[in-house]
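The following exercises introduce a protein model step by step. Each task is followed by a worked solution.

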Amino acid sequence: MVIKQDIYDGSLIHKRFAYKFFKHDTLATGNLVVFRAPMNVTTNLIDLEDSMSNDYIWSDDAINFCWEIPMIDNAMGAVAFQRLFNTQIATILHGYIKAPIEMKGDDLMVHKEHDQGGIVQQKGKASVSITHVYDRVALGHTAINITAGKKAPAFAFSTKLTNDEVESFIDDVTQAFYNMCDDMFVATTKIQLR
C-alpha cells in the first residue's frame, strides 16, 4: 500500500503499524507500506553500530519500504527475511539502473561511477535498511535513494530514477514482496512427516 508520509524519521517501525493502515485487510503473511519521502533519522536509530558511532541516516529523496511480518518472531528470522527481500529489491533495481548490484550484508552496493558531494567513486550504497522484532513481530525498513543529497555520506549512491520509474519500481517491489510472502507461507503448509 502506498501511503503519504512527509519524512521518514525511523519512528514508524518502532511499533506495529499494519493495522493502522490496513485495518481488517491486515494479512498474517505480511504487510508492506511504501512511500516516497526524504529520510532524516537521528533520534530513532535502531542500529547499535549507528548509535555508537553517532551516525545518522539522511536522503533528500528516497523510496521507503516498511514491512510487518507477524509470522516471524525472532531476530534471526527477521534478518533472514530482510536480506532475502533486499536481494529481491536489488534484482528489480538492476533492471532500472542497468548497473551491477552486489549485496553486502543488507546493503545494495551499486558498481557504477558516481559523484557524491564532489567525490567521484566507482561504487556506492543505494540503500539503508534495518529490521528488528517487537511484540513478537518482525518490523523492517529498506529505503532506496533517488537523490541522496549533500548531507548524505560520501558512499551514498543516488539512483536518479524518474517519477515514472519510481512508480513502476514501487509496483514491482510490492508485487515481489507479496508473492514472496505468499510463496513462503505455502511452502510451510506442504511439509509432511512420515
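**Exercise 1. Describe the order of the elements and the overall dimensions of the protein chain.**

Solution. From the N terminus on, the elements run α-β-α-β-α-β-β-β-β-β-β-β-α. In total, the protein chain has 4 helices and 9 strands; helices (H or I, at least four residues) and strands (E, at least two) are DSSP runs, numbered from the N terminus. The model is a predicted one, in which local features need pLDDT of at least 70 and side-chain atom pairs count only at pLDDT 80 or more, while totals for chains, interfaces and linings use all residues. Residues are numbered from 1 along each chain as its sequence is written, and side-chain values use heavy atoms, with hydrogens and water left out.

The next step concerns size. The radius of gyration is 17 Å, close to the 16 Å that the globule rule gives for 194 residues, so the protein chain is as compact as a globular protein of that length. This radius is taken over C-alpha atoms, and the globule rule is 2.2 Å times the number of residues to the power 0.38. Along the principal axes, the C-alpha atoms fill a box of roughly 60 × 35 × 30 Å.

**Exercise 2. State how much of the protein chain is buried and how its contacts are spread along the sequence.**

Solution. Of the 194 residues, 47% count as buried. Here buried means under 20% relative accessible area, exposed means over 50%, and partly exposed lies in between (1.4 Å probe, protein chains only). As for contacts (heavy atoms within 4.5 Å), one considers those between residues at least 6 apart in sequence: 66% of them join residues at least 24 apart.

**Exercise 3. Work out the arrangement of the open sheet of 3 strands.**

Solution. The strand order is 3-4-7, with antiparallel pairing; two strands pair if DSSP finds at least two bridges between them. Strand 3 (101-104) and strand 7 (124-125) are the edge strands, since each pairs on one side only. Strand 4 (residues 107-110) is joined to strand 7 by 2 bridges. Within this pairing, Val110 has Gly124 in strand 7 as its bridge partner. Helix 3 (residues 75-97) packs on the sheet, where it touches strand 3 and strand 4, and its direction makes about 160° with that of strand 3. Such angles run from 0 to 180 degrees between N-to-C directions, with axes fitted as lines to C-alpha atoms, for helices over the stretch in contact.

**Exercise 4. Locate salt bridges and give the burial of the residues in them.**

Solution. Side chains of opposite charge can pair when their charged atoms come close. With a salt bridge taken as a side-chain nitrogen of Lys or Arg within 4 Å of a carboxyl oxygen of Asp or Glu, the count comes to 5.

- Asp6 and Lys4 meet at 3.7 Å, N to O. Asp6 is exposed at 64%, and Lys4 is exposed at 69%.
- Arg36 pairs with Asp61, their closest N and O atoms being 2.6 Å apart. Arg36 lies in strand 1 (residues 31-41) and Asp61 in strand 2 (residues 57-69), so this pair ties together parts that are 25 residues apart in sequence. Arg36 is partly exposed at 34%, whereas Asp61 is buried at 17%.
- Asp107 and Lys125 meet at 3.5 Å, N to O. Asp107 belongs to strand 4 and Lys125 to strand 7, so the pair ties together parts that are 18 residues apart in sequence. Asp107 is buried at 18%, and Lys125 is buried at 18%.
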